[in-house]
Amino acid sequence: MNTPALKEWPLWEIFVRSKQGLEHKHCGSLHAADAAQALHMARDVYTRRQEGVSIWVLPSAAITASNPDDKGELFDPAADKIYRHPTFYEIPEEVGHM
Amino acid sequence: MYTQSFSVPDNAGQKSARTPSTENPELMAAFDARIDADGRIEPQDWMPEAYRKTLVRQISQHAHSEIVGMLPEGNWISRAPSLKRKAILIAKVQDEGGHGLYLYSAAETLGTSRDQMLEGLHSGKAKYSSIFNYPTLNWADVGVIGWLVDGAAIMNQIPLCRCSYGPYARAMVRVCKEESFHQRQGYEALLVMMQGTEAQRAMVQDAVNRLWWKCLAMFGPPDADSPNSAQGMRWGIKRISNDDLRQKFIDATVPQAKVLGVTLPDPDLKWNEARQHHDYGQIDWQEFWDTVEGNGPCNKERLSTRVKAHNEGQWVRDAALAHARKQQQRAHKEAA
């Protein structure tokens, strides 16, 4: 099996969990030779002030993203479905919080 | 962290052949409409080539400034006057390195590569903030860099948090959050020196005298001589003009200098009641452009230090890649 001979370190996307109980959030990217090094460098680049308790690194090339040109097609259909929101429904005042 | 609030042409001197705009008018109109509505542009969105080019130039110059900015302060780490000051300075220099990385990443989303940008810096083709081409002669220079140079940079960078290009704006938010300690530590270090001996107070005044005008020049040429500014403003890359930022910086700094007990070296500096701003003297733009063009006192030294560090690190980068490849091959073999 051939691995491509890289000249530059590949790009990684970095996700940091800021505290226990919260989700990992994308915070930026960096170049590293492999996953272990990416983790190590992410610690230095993105958590110098205790910004995180856990880090995920992911090769940028592994991300499949939606195309901006498809934005309308993908997301506009949700715009007229206001009945998916609780505020669409009127409930008598005396019922209280629902 | 440091930016020059202007994006100087990297090929100053060369005439850039202006290509007539061949952009699709429909896409262009949609882009303009988004900018007019104060919307944000993201990497995958369509953008005019000139917008992309301007951003690549500005963000990479900004990144280079962070990286080169580590050098004059890095020189003082081994000579910091106490363990406390040494730890603070290491943290600051490490921050600048981090800021450079955030910015290189932001520029890479526009289609340029890290290697291309480094090649631009190392060959002397790309520019960085002119302030780092002056020497840091005594310990007070480190304090003044924090107080004035970082102070000027913060003035520049806060409006960039609202830049129309998403990745640049997000990098700036992170940078600005980390930056305020840089200015405060510098000012505090100077306050301590000013409570010291006569010689120490003289060092602070000397550093202020040497760096004050250079800091004012960091905001870039006067609005009247800054033809690219209007386009940058139109595109929401630049939010406040060079002269307005400079004025803001001067007005903020005068009272700080008074508390510190130093004089700002400008006989024309005085409060103008009618303008409700300080008036100030003439900046030597010839000297500024000479430095930008590569003829400042430290241009050659800074660049050669940077190139040497990069070259001496080559084996580390190669070894890391070789190690990664070996690990990968081993994993494949075990899986087979």
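Across all chains, the structure holds zero disulfides, a disulfide being a pair of cysteine sulfur atoms within 2.5 Å. In general terms, a disulfide is a covalent bond between the sulfur atoms of two cysteines. Why does the sulfur of B:Cys215 form no bond with the closest cysteine sulfur? The closest one belongs to B:Cys298 and is 15 Å away, too far for a bond. B:Cys215 is buried at 0% relative accessibility, and B:Cys298 is buried at 9%. Here, buried means under 20% relative accessible area, exposed means over 50%, and partly exposed lies in between (1.4 Å probe, protein chains only).

Before going further, please note that this is a predicted model, in which local features need pLDDT of at least 70 and side-chain atom pairs count only at pLDDT 80 or more, while totals for chains, interfaces and linings use all residues. Residues are numbered from 1 along each chain as its sequence is written, chains are lettered from A and ligands numbered from 1 in the order in which they are written, and side-chain values use heavy atoms, with hydrogens and water left out.

## Where the chains meet

Let us turn to the contact between chain A and chain B. It takes 23 residues from chain A and 26 residues from chain B, where contact means heavy atoms within 4.5 Å. The size of an interface is often given as the accessible area lost when the parts come together. For this pair of chains, about 2,000 Å² is buried, 52% of it on carbon and sulfur atoms; buried area is the accessible area (1.4 Å probe) that two parts lose on being put together, summed over both.

Between chain A and chain B there are eight residue pairs in polar contact (both at pLDDT 80 or more). A polar contact is a pair of N or O atoms within 3.5 Å; within protein, one must be able to donate a hydrogen and the other to accept it, and residues adjacent in sequence count only if both atoms are side-chain atoms. On the side of chain A that touches chain B, strand S2 (24-31) and helix H1 (35-46) of chain A are the elements that give two or more residues. Helices (H or I, at least four residues) and strands (E, at least two) are DSSP runs, numbered from the N terminus. By class, that side of chain A has eleven nonpolar, four polar and eight charged residues. Ala, Val, Leu, Ile, Met, Phe, Trp, Tyr, Cys and Pro count as nonpolar, Asp, Glu, Lys and Arg as charged, and the others, Gly among them, as polar.

## A glutamate at the contact

B:Glu178 is a good residue to look up next. B:Glu178 sits in helix H6 (residues 166-194) of chain B and is buried, with a relative accessible area of 4%. Its side chain makes a polar contact of 2.8 Å with the side chain of A:Arg48, and another of 3.1 Å with the side chain of B:Tyr102. B:Glu178 also forms a salt bridge with A:Arg49, the closest N and O atoms being 3.7 Å apart. A salt bridge is a side-chain nitrogen of Lys or Arg within 4 Å of a carboxyl oxygen of Asp or Glu. Which residues are linked with B:Glu178 in a network of salt bridges? They are A:Arg48, A:Arg49 and B:Asp95.

## Salt bridges within chain B

Four salt bridges are counted between chain A and chain B, and the structure holds 26 over all chains. Here are some from chain B.

| Residue pair | N to O distance |
|---|---|
| B:Arg114 and B:Glu108 | 2.8 Å |
| B:Glu198 and B:Arg201 | 3.2 Å |
| B:Glu301 and B:Arg302 | 3.2 Å |

B:Arg114 and B:Glu108 are both buried. B:Glu198 is exposed at 58% relative accessibility, whereas B:Arg201 is partly exposed at 28%. B:Glu198 and B:Arg201 both lie in helix H7 (residues 198-217) of chain B, three residues apart, about one turn of the helix. B:Glu301 is partly exposed at 41%, and B:Arg302 is buried at 3%.

## A helix and a loop

In helix H4 (residues 114-122) of chain B, the buried residues include B:Met117, B:Leu118 and B:Leu121. The cover over the buried residues of this helix includes S2 of chain A, together with H2, helix H3 (83-108) and H11 of chain B.

Finally, B:Pro297 lies in the loop between helix H10 (285-295) and helix H11 (299-312) of chain B. B:Pro297 is exposed, with a relative accessible area of 59%.
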